[in-house]
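Okay everyone, thanks for coming. I'll put the structure up now, and then we'll walk through where its parts touch.

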Amino acid sequence: MKYKFKIKNLDCANCANELERALSKIDIIRNVNISFMTERLYFECDDKDNALKEIKKIIKKEEPDVIIEEV
Amino acid sequence: MNRKLIRIIVSFVLMVIAFLLSFDLYRNILFVISYVIIGYDIVLKAIRNIFKGKVFDENFLMTIATIGAFFIGEFPEACAVMLFYQVGELFQSYAVDKSRKSIASLMDIRPDYANVYREEIEKVSPDEVNVGEIILVKPGEKIPLDGVITSGNSTLNTKALTGEVIPKKVGVNDEVLSGCINNDSVLKIKVTKEFGESTVSKILDLVENASSRKSKSENFISKFAKYYTPVVVLIALLLAIVPPFIIEGSSFNDWLYRAFSFLVVSCPCALVISIPLSFFGGIGAASKIGVLIKGSNYLEALANTEIVLCDKTGTLTEGVFKVQEIDAVGYSDEDLLKYASYAECFSNHPIAFSIKEAYGKEINNEFVTKTEEISGKGIKAKFFGKTILIGNEKLMHEYNISFKRSEKVGTIIYVAIDGKFAGTILIADKIKSDAYKAIELFRKNNVKKIVMLTGDQRNISEEVAKELKLDECHFELLPADKVSLAEELMSQKSVNGKLVFIGDGINDAPVLALSDIGVAMGALGSDAAVEAADLVIMTDEPSKIATSIQISKKTMRIVKQNILFAIAVKIIVLVLSAFGMASMWAAVFADVGVSILAILNALRILRVKFR
């Protein structure tokens with residue numbers, strides 16, 4: 001399934017790229033994509049709840065100010 | 001944002017006062033205060049990040065560079081670097097915010113409410129309205145959901161959807177799309193699609209998701225940034241350590257200063273931001289003229305369009321068969337058309353419709369006493385005591401009527417009245433007037449080859465191709481032939497050249513998928529086409545694709561300028577500061593100044609008027 005979330009408080013375009021790279025390493029999600037301009041996070045996964053848990057873990061580590069919300 | 005501005009102003013004033021002071025101690029204290037005001041958040045973030053091992057983080061690099069500068073006694077520089085860095089940040093977020101807003105307003109088509117008939121008229125959120133319910137749209141309101149008009153006549157402003165300025169007339173039984181604004185009078189509309197499925201939602205989704213398909217340039221710059229920062233930081237480290245030991249008589253402070261300059265220049269953000277910003281602007285500029293581009297990658301590819309492959313019917317031609325010419329023999333044109341219309345009055349054939357439409361007056365079919373359909377040939381009818389034959393050549397032969405064969409291109413209808421040839425009516429599809437403009441614009445934008453393909457017959461196709469001066473024309477094609485032709489053309493283009501296919505989106509899915517950029521035209525309302533295409537043109541004007549190529553070229557020019565300019569300035573400043581010829585002031589310019597200039601350059605695309 002494809003999912004889309006709003007991603008807020010990203011500092012800069014490069015931070016978005018770095019966070020995207022970090023999230024891409026989570027093995028239960030695929031095709032991670034962060035659009036800095038539209039503040040959206042896209043990814044595909046089979047298990048949304050676990051995926052979100054993993055994503056939030058990485059975000060807490062990499063960019064603690066960033067929050068994600070359902071669109 | 002305002003708080004940051006206040007901090008910048010206070011810090012700046014303190015810095016200026018510090019500059020004017022002559023007594024060193026007060027001066028330095030003021031610089032430190034000014035620095036703390038402007039930079040405390042950066043320093044805090046840096047401390048936080050260092051515990052996570054993020055040494056290539058921008059905050060961290062800035063902190064090291066500025067605090068380092070304090071330690072070697074460069075108070076003004078330390079302060080100024082932080083101040084300008086923050087000015088740059090503020091400007092960046094302002095620019096990003098502004099372009100987000102300007103695109104949001106461009107796409108300001110989301111309706112806030114719907115007036116729905118239930119017990120009485122209720123004002124509800126559009127997503128609460130069910131299919132089949134009747135909604136009321138007053139003048140000046142947005143149509144909230146797709147539907148069919150059940151009562152009322154009005155004109156619609158479709159500009160936000162299609163870029164079209166001329167209002168569209170609508171009446172009962174007309175389909176209307178959500179996002180249009182009702183101009184004149186109240187309309188009652190029966191909802192045919194839920195809000196999530198309606199045109200507005202589809203379009204907003206499409207534009208919003210466009211920036212998720214990244215272009216090569218974006219990927220390049222993001223990769224570049226990934227390596228750039230560590231490399232520059234490493235060189236900075238070497239600069240600080242190695243030369244003082246090797247070069248005799250050199251001072252540690254001097255080399256440290258150069259290393260700190262490196263750290264300032266090593267921040268990648270300035271470089272990175274302007275690229276997505278440019279693409280975002282380009283996609284926005286395109287949606288302003290009614291072209292939806294599904295990804296930055298397609299916007300990028302459009303600039304290299306080499307071959308344009310067009311479907312004929314509905315793309316280059318209007319796709320509607322109309323009476324183009326009447327050639328009466330022994331009657332007036334008007335009379336011939338009248339006889340023909342009456343003879344065809346019971347027919348449901350498309351040709352009958354074209355004839356009746358051209359006649360335009362009411363037909364009283366009581367006057368038609370007898371009609372007989374002669375399969376594959378035409379119609380025989382009696383009207384006011386006259387026997388009318390209307391059909392193709394075969395019909396004329398069958399009734400032994402001598403007639404002059406017409407050499408015109410299109411469908412020719414022969415008419416005979418009381419056994420005598422009375423003339424011909426030419427029915428043909430018409431070339432869109434916009435098609436001429438499109439072809440001209442394609443050529444201007446360096447499209448090398450324009451090819452038409454169609455399932456239609458030879459003479460009609462060749463006529464259109466000749467009229468529009470196309471390079472190639474392929475006719476009488478079956479769907480499978482279209483695919484193999486597209487494959488053939490794909491192999492002909494140069495390495496970076498792109499093939500654009502333009503069709504009406506119906507039955508074109510394989511070719512749409514095969515080509516580099518598949519364009520569905522006039523595709524509003526056709527879900528399958530919107531799904532399959534990479535570019536969706538909301539009106540039926542092919543010239544919009546040519547304009548999109550212009551937008552793409554402009555965007556790519558700006559992107560290239562920004563990449564080249566930013567990298568060049570950074571490298572020059574790096575080299576100069578390595579040799580001690582550039583100060584930290586230059587380094588700040590290489591970071592913040594470049595960033596501001598690149599952003600201003602990127603924002604240009606939003607201001608250019610494309611037609």
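**Who touches whom**

Let's start inside chain B: the C-alpha centres of its domain 1 and domain 3 lie 46 Å apart. Keep in mind that what you see is a predicted model.

So where do those domains sit in the sequence? The assignment for chain B gives domain 1 as 2–103 + 216–277 + 554–607, and domain 3 as 290–317 + 431–553. There's also domain 2, at 114–208, and domain 4, at 319–430.

Now, how many residues of domain 1 of chain B are in contact with domain 3 of chain B? Seven, and they meet eight residues of domain 3. On the domain 1 side, helix 7 (216–246) and helix 20 (543–578) of chain B each supply at least two residues. Which one gives the most? That's helix 20 of chain B, with four residues. If you sort this domain 1 side by class, you get four charged residues, two polar and one nonpolar.

Okay, on to the two chains. Here, twelve residues of chain A are in contact with 15 residues of chain B. On the chain A side, the elements giving two or more residues are helix 1 (13–24), strand 2 (29–35) and strand 3 (40–45) of chain A. Helix 1 of chain A has the largest share, three residues. And what classes do we find on that side of chain A? Five residues are nonpolar, five are polar and two are charged.

That's my tour, so over to you for questions.

Definitions and conventions
Residues numbered from 1 in each chain as written. Chains lettered and ligands numbered in written order. Predicted model: local features only at pLDDT ≥ 70, side-chain atom pairs only at ≥ 80, totals over all residues. Contact = placed C-beta atoms within 7 Å. Nonpolar A, V, L, I, M, F, W, Y, C, P; charged D, E, K, R; others polar. Domains from an automatic or database assignment.
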